[in-house]
Amino acid sequence: MFKALVVEKNEEGKTSASVKDLELTDLPDAEVTVAVEYSTVNYKDGLCIGPGGGLVRHYPHIPGIDFSGTIEASADPRYKPGDKVVLTGWRVGEAHWGGYSQKARVKADWLVPLPKGLTTRQAMAVGTAGFTAMLAVMALEDHGLVPARGPVLVTGAAGGVGSVATAILANLGYDVAAVTGRPEAADYLKSLGATTIVAREELNETVKRPLEGETWAGCVDAVGGAMLARVLGQMKYGCSVAAVGLAGGAALPATVIPFLLRGVNLLGIDSVMQPYENRLRAWERISNDLPIDKLEAMIHPATLADLPELGAAILKGQIKGRVVVDVNS
Ligand code: NDP
């Protein structure tokens with residue numbers, strides 16, 4: 001028997017999540033069984049713990065879009081019992097049962113070995129949010145971003161993606177401006193390395209002018225919506241925005257003028273379907289470029305029983321930093 005957070009749907013279509021006892025035979029068929037150690041809480045997890053947001057296909061469901069742990073059984077030659085592994089993406093926790101469970105059974109292709117220099121707990125302090133933040137930084141660098149070009153903006157900075165992006169960029173020598181709607185998070189963001197705090201209201205306000213002063217050399221955007229539209233008009237000539245999230249909305253009320261007159265690039269970042277080699281590259285960069293002391297400062301410990309409350313909180317933008325769920329406590 002093992003414990004998992006199970007989301008069930010009743011006849012009226014209402015979902016409810018609670019910790020339940022399951023057996024190994026309840027798990028889906030796949031090559032690898034993992035004794036899960038840690039998971040985390042992402043925006044998508046908030047949706048899947050709750051009514052699903054259209055992501056969950058079948059109930060009962062076990063959410064948790066990422067996890068780290070130890071291989072317990074493997075029918076794939078790449079992994080053997082005792083190996084430490086990490087999983088992010090591949091629609092695990094949405095279309096497939098996920099990491100809010102003491103055991104998970106998944107495809108070997110979906111795993112990567114635990115990155116060198118990280119513990120399983122630290123890997124989930126990074127989690128999908130941190131992995132995605134690294135992909136965004138790599139995309140900006142691939143499009144020419146270097147510290148000498150000027151300040152880099154991070155939106156939704158006190159959230160998971162934003163916190164890790166801030167810490168990585170600051171550690172790489174960038175001048176980081178952090179946008180937050182929570183003034184009380186200013187000290188936290190400065191401790192991660194942000195040099196400037198920008199109030200959310202300053203960028204949420206739409207303006208009629210499609211171009212403003214050239215301010216930012218790069219941007220990791222977790223917010224989307226009106227804020228992304230505004231930021232596009234403030235980018236320096238030839239610079240790029242990595243679009244990661246939609247915490248502020250999926251619509252993009254922008255003009256094409258920043259693309260046409262300033263050669264601004266809008267780079268899409270997807271963490272879910274990244275090929276294996278890119279995953280290894282991103283995790284290696286995380287091990288090298290994310291200071292462990294900064295990562296530790298972001299962590300809020302949690303248990304399986306805390307998840308219904310935390311899922312609701314992340315949907316309201318109330319989670320600061322990274323929640324690390326110890327599924328065995
Ligand atoms: P969090 O909830 O931890 O962070 C989002 C942050 O955005 C909040 O902390 C808040 O920051 C800010 N925010 C929330 N609501 C609003 C609003 N209405 N207007 C402006 N800012 C707002 O989520 P994550 O960091 O885990 O994820 C961020 C986004 O990235 C989500 O949309 C998520 O779905 C997406 N994502 C995408 C991935 C991909 O593969 N592309 C992978 C992972 C996440 P503050 O309080 O500082 O203002």
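This short talk describes how a ligand sits in the protein and how two aromatic rings pair.

Good morning. Please keep in mind that the model shown above is predicted.

I begin with the ligand. The space that the ligand takes up is the largest pocket. Three elements each give two or more residues to the shell around the ligand: α2 (120-142), α3 (160-171) and β9 (176-180). The shell has 26 residues, and those that come nearest to the ligand are Thr180, Gly181, Arg182, Ile269 and Ser271. What is the character of the shell residues, nonpolar, polar or charged? They divide into 13 nonpolar, 10 polar and 3 charged.

Next, I turn to individual polar contacts. A polar backbone atom of Ile269 lies 2.8 Å from a nitrogen atom of the ligand. Ile269 was also named among the residues that come nearest. Gly160 has a polar backbone atom 2.9 Å from an oxygen atom of the ligand. For Leu246, a polar backbone atom is likewise 2.9 Å from a ligand oxygen atom. How much of the ligand's accessible area does the protein cover? On its own the ligand has 920 Å² of accessible area, and the protein covers 88% of it.

Finally, I come to the aromatic rings. The structure holds 1 aromatic pair, formed by Phe131 and Trp283. The pair is stacked, with 5.7 Å from centre to centre and 20° between the planes. Where do the two residues lie? Phe131 is in helix α2 and Trp283 is in helix α8 (residues 276-289), so the pair ties together parts that are 152 residues apart in sequence. Helix α2 is also one of the elements that contribute to the ligand shell.

Thank you for your attention.

How values were computed. Residues numbered from 1 in each chain as written. Predicted model: local features only at pLDDT ≥ 70, side-chain atom pairs only at ≥ 80, totals over all residues. Heavy atoms only, no water. Near = heavy atom within 4 Å. Polar contact = N/O pair within 3.5 Å; in protein donor to acceptor, adjacent residues only side chain to side chain. Areas by Shrake-Rupley, 256 points an atom, 1.4 Å probe, with all protein chains shown as cover. 1 Å grid on protein atoms, 1.4 Å probe; cavity = no way out; pocket = protein on both sides within 12 Å on 5 of 7 lines; lining within 4 Å. Sits in = over half its atoms within 2 Å of the grid points. Helix = DSSP H or I, 4+ residues; strand = E, 2+ residues; numbered from the N terminus. Nonpolar A, V, L, I, M, F, W, Y, C, P; charged D, E, K, R; others polar. Phe/Tyr/Trp six-rings, centres within 6.5 Å; stacked < 30°, edge-to-face > 60°.
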